[in-house]
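Please guide the reader through the architecture of the model shown below, from its sheet to its second pocket and on to two lysines.

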Amino acid sequence: MKEKIKYIVNKKTFHICMLIVIVVIILFTLGMIVLRYSVEGETNMPFVLSKVVIISSVEGSDKETGESKWAFDVSQNNDIYFYIQKNPNYSKEEAIKSILINNIQVNKTNEKGIINFYRPNTTASGGNFKDNEEDKIQEIEYTGSLESNFKTLKISNQGGIVMFRYANDNIAQYISNDEEINHSELLKKCNITDNDLKAKISMNLKIIIESGKEYKANITFDMPIEGIIEEGTASQEITNTSNIIFKRIKN
């Protein structure tokens, strides 16, 4: 029996078969690692996306009234806030170099309105966004700094908030002689429907670290938040970001 086993082991075909088995095991292991990475992405990033807040609202901008008392260009806005925080499970010291949001795409079912993207308001007065012509963007980058300041597109290098606005500008016009106007009802008064507003927005969110590492995720949201037509404003806070997969694109 021993002689027979020794004879088989010494045969060339046996060694070839063993080599093939080893190669198959290695390839299978690598395949499982790649598959797991494609599903889970980076599991120990220095900074993580902790939550996303989306605020949908309606806005009426004054225009020439003519003989009417009121005249508005009606827009529907969606403000997107990304909360970036330091990963408490990451042991090394790191700092944010910049956060980049680019490749912003909107798939909209209806052609009503003009799609624009805006950076935060740069003027001293007003809210987070003013939708000025000079604030229009195609992409937006926040640079790491000692303190966050959205007006100058700065984020604390240890974490903070980055934001931008996706707007359906001039989706309707509203003209009225009513004594008072409730702006939250403008979409309803203009007979705007959910299908007029419904869209899917996608973008790349890239976290760039001072040490040279870069992480990127493609993120998709359905817009606007449900209830915008009836209420005039609606919001959503997304705290479960496990389905947003970041992958390292630079070491």
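A residue counts as buried when its relative accessible area is under 20%, and as exposed when that area is over 50%. The model to which these cut-offs are applied here is a predicted one.

Lys 206 offers a starting point. This residue belongs to strand S8, which spans residues 199-209. Its relative accessible area is 18%, and Lys 206 is therefore classed as buried. Leaving aside residues up to four places away in sequence, Lys 206 is in contact with Ser 98, Ile 99 and Leu 100, with Glu 214, Tyr 215 and Lys 216, and with Ile 249.

The strand that carries Lys 206 is part of a wider arrangement. S8 takes its place in an open sheet of 6 strands, whose order is S6-S5-S3-S8-S9-S11 and whose pairing is mixed. The edges of this sheet are formed by strand S6 (154-156) and strand S11 (247-250), each of which pairs on one side only. On average, and with direction ignored, neighbouring strands of the sheet are turned by 30 degrees against each other.

At the S6 edge, the pairing can be followed in detail. Strand S5, covering residues 140-145, runs parallel to S6 and is joined to that strand by 3 bridges. Within this pairing, Gly 144 stands opposite Ile 155 of S6.

Attention now turns to the second largest pocket, whose volume is about 190 Å³. Its lining comprises 14 residues, and those closest to the pocket centre are Ser 75, Tyr 118, Asp 131, Asp 169 and Asn 170. Two or more lining residues come from each of strand S1 (47-62), strand S2 (70-86), strand S4 (114-118) and strand S7 (159-176). Among the contributors, S4 supplies the largest share, with 3 residues. By residue class, the lining of the second largest pocket consists of 7 charged, 5 polar and 2 nonpolar residues.

A second lysine, Lys 92, completes the description. Lys 92 is located in the loop that connects S2 with strand S3 (96-108). Is this residue buried or exposed? Lys 92 has a relative accessible area of 54%, and it is therefore classed as exposed. In space, its C-alpha atom is separated by 7.7 Å from that of Pro 46, although the two residues are 46 residues apart along the chain.

Taken together, the two lysines fall into opposite classes: Lys 206 is buried, whereas Lys 92 is exposed.

Terms used: Residues numbered from 1 in each chain as written. Predicted model: local features only at pLDDT ≥ 70, side-chain atom pairs only at ≥ 80, totals over all residues. Heavy atoms only, no water. Helix = DSSP H or I, 4+ residues; strand = E, 2+ residues; numbered from the N terminus. Buried < 20%, exposed > 50% of the residue type's maximum accessible area, 1.4 Å probe, protein only. Contact = heavy atoms within 4.5 Å. Pairing = 2+ DSSP bridges. Axes fitted to C-alpha atoms, helices over the stretch in contact; angles between N-to-C directions. 1 Å grid on protein atoms, 1.4 Å probe; cavity = no way out; pocket = protein on both sides within 12 Å on 5 of 7 lines; lining within 4 Å. Points joined across faces, edges and corners; volume = space filled by probe spheres on them. Nonpolar A, V, L, I, M, F, W, Y, C, P; charged D, E, K, R; others polar.
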